[in-house]
Amino acid sequence: MKQKNIKKLPIGISTFKKIIEGDYLYIDKTKEAYDVINSNSYAFLSRPRRFGKSLFLDTLKEIFQGNKKLFEGLYIYDKWDWSLTYPVIKISFSGDLRNIEGVKRNICNTLKYNQRNLGIVCDENQEYDTCFSDLIAQAYKQYNQRVVILIDEYDKAILDNLDQMEVAKENREVLKSFYGVMKDNDQYIQFVFLTGVSKFSKASIFSGLNNLRDISLLPQFGTICGYTQNDIETTFLPYLQGVDLERLKMWYNGYNFLNDKVYNPFDILLFIDGGHRYRNYWFNTGTPSFLLKLFQQGSYNLAKFENLKVEEALLEAFDIEKLNLATVMFQSGYLTIKEEVERRNKISYILTYPNLETKMSFHDYLIGYFVENQTDKNEIQNSLIDMLEEANLDGLEQVLKSLFASLAYNNFSKNNIQNYEGFYASVIYAYFAGVGFDDIKAEDATNRGRIDLTVFIDDKVYIFEFKVNQSGALEQIKSKKYHEKYMADFNEIYLVGVEFNSNERNLVDYVWERVF
């Protein structure tokens, strides 16, 4: 029986006014909005796609325009001075951004839109940056009030072109010139807020905006976007009757921006709308192909991304001249912060996959890139599940051989990745993670060393050691007594030594042993 007074879900809606007037469900983020406004003049927020950035930006617009009625019952209602209103310039990037002409056209169109909204006319023949400058100055003069500038997806014109780097660089210079206008018009500006996925260094794109404050990893703004566990257990509870909340958390929670962990809103809304079916909702909205190209070009061991230590600076800057896979995966939402570590006044972070959806989907996507024949891929994945659930270690050898035989090595023709142990570990890890085994550990530490890969299934543990052009994989596991770590908690422990030959690009020796 359908419950009364249950609000509609705001799927695909990023307009605050439409949500409130349409009686859609809204999770109150006006405290965060109030705090951002009162503690910053120029602020920047980085979050992955589909995380509610556009809605938050639109909420700021309605606040500054003084639309008090929309905020009745919300945190900010009795705290904001609604008698003060500001001219708002709102800029967002969409449409064709695949060449410099398209980007300039996009900018000119959004500036014309703002001119109409503000009742301002600029010279038709002005360049995009001059027009922006003129718009700011005229808005200040006409309204006798400083201007608020809100920029959504500030980096889209660059990120959309990472597969054609020259265009990305050209677009970066256009944006640098465009955003630089704000520095010269600071006297007319009350507040600036930018959102995006990536965090480019100030020198590369925000030249001169020395007062731009990055709030992306400030704990007080850690839940500025996304749904908290408390939101799930209170506001969303009527929508989740009969749902195992622990399973929901395992699938979709886990994004950590140094406050309470959050869910991606897109996942939760579509999970409810889809009849409580566990699907890859966020992931399927689009994964950038350049992630695969980065893996192809570098000697990365994706298994280590389960527990990856990086320096603070690596998360702070996105440099298209030197793309780093860990940086890109963190900023685009495929990795998140597991732990913050401070040692001798130096901060670093341990990264991991946020949840089962991201971990499983990313690796399944990666395997789809590795393998030419998708039928082979599906058969191998199903066989992996069978072999490990049944502890059929002899059968597992044949599955692994089929796995590597199915790889499209032409994807790696420009490097020597087949000589790198991490490549083989990455492929096996990706297959295990891609089929949904959620309890996998890479580089698991013991008092005698680190285990290459450990897979936990029910009451069984599989300990893997990989060697390339070397022997002694099983002997290393046994000599270091890796299995002793698990003897108290599991009924079956299997040791698996796998050795590869880079010339044959497949395993040449496979030995296993049950020790417990």
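These legends walk through five close-up views of a predicted model.

**View 1. Strands β9 and β10 make a hairpin.**
Start with two neighbouring strands: β9 covers residues 336-343, and β10 covers residues 346-352. They pair in the antiparallel sense, with 7 bridges holding the pairing. To find your way along the pair, look for Glu-340, whose bridge partner in β10 is Tyr-349. Then look for Arg-343, which has Lys-346 as its bridge partner in β10. The turn of the hairpin leaves 2 residues between the strands. Arg-344 sits in that turn and has a positive phi of about 50 degrees. Asn-345 also belongs to the loop between β9 and β10, and its phi is near 65 degrees, a positive value in a residue other than glycine. Is Asn-345 buried or exposed? With 72% relative accessibility, Asn-345 counts as exposed.

**View 2. Strand β10 also pairs with strand β8.**
Stay with β10 and look for β8, which spans residues 308-311. These two strands run antiparallel and are joined by 4 bridges. One spot to pick out is Glu-311, as its bridge partner in β10 is Ser-348. So how much of β10 is tucked away? Of its 7 residues, 5 are buried, so β10 is largely enclosed by the rest of the structure.

**View 3. Helix α17 has many neighbours around its buried residues.**
Helix α17 takes in residues 393-405, which makes 13 residues. From its first C-alpha to its last, α17 reaches 19 Å, close to the 18 Å expected at 1.5 Å a residue. Which residues of α17 are buried? They are Leu-393, Gly-395, Leu-396, Glu-397, Val-399, Leu-400, Leu-403 and Phe-404. Here's a handy rule for reading that list: an α-helix has 3.6 residues a turn, so residues three or four places apart point the same way. Now see what these buried residues pack against: two helices, α16 (374-390) and α18 (421-434), plus the strands β13 (460-468), β14 (492-501) and β15 (506-514).

**View 4. A cavity, and a loop residue with a positive phi.**
The structure holds 1 cavity of 30 Å³ or more, and the largest cavity has a volume of about 60 Å³. Its lining is made by Ser-46, Arg-47, Pro-48, Lys-199, Ser-216, Leu-217, Phe-257, Phe-330 and Gln-331. Sorted by class, that gives 4 nonpolar, 3 polar and 2 charged residues. While you're zoomed in, look up Leu-258 too, in the loop between α10 (245-252) and β7 (262-263). Leu-258 has a phi near 70 degrees, which is positive even though the residue isn't glycine. Leu-258 counts as buried because its relative accessibility is 17%, and the cut-off for buried is under 20%.

**View 5. The second largest pocket has many charged residues in its lining.**
This pocket holds about 600 Å³ of space. Among its 24 lining residues, those closest to the centre are Glu-306, Thr-352, Tyr-353, Pro-354 and Asn-355. Which elements supply at least two residues each to the lining? They are α10, β9, α15 (356-370) and β11 (440-446). The biggest giver is β11, with 5 residues. By class, the lining has 11 charged, 7 nonpolar and 6 polar residues.

Definitions and conventions. Residues numbered from 1 in each chain as written. Predicted model: local features only at pLDDT ≥ 70, side-chain atom pairs only at ≥ 80, totals over all residues. Heavy atoms only, no water. 1 Å grid on protein atoms, 1.4 Å probe; cavity = no way out; pocket = protein on both sides within 12 Å on 5 of 7 lines; lining within 4 Å. Points joined across faces, edges and corners; volume = space filled by probe spheres on them. Nonpolar A, V, L, I, M, F, W, Y, C, P; charged D, E, K, R; others polar. Pairing = 2+ DSSP bridges. Buried < 20%, exposed > 50% of the residue type's maximum accessible area, 1.4 Å probe, protein only. Expected span 1.5 Å × (residues − 1). Contact = heavy atoms within 4.5 Å.
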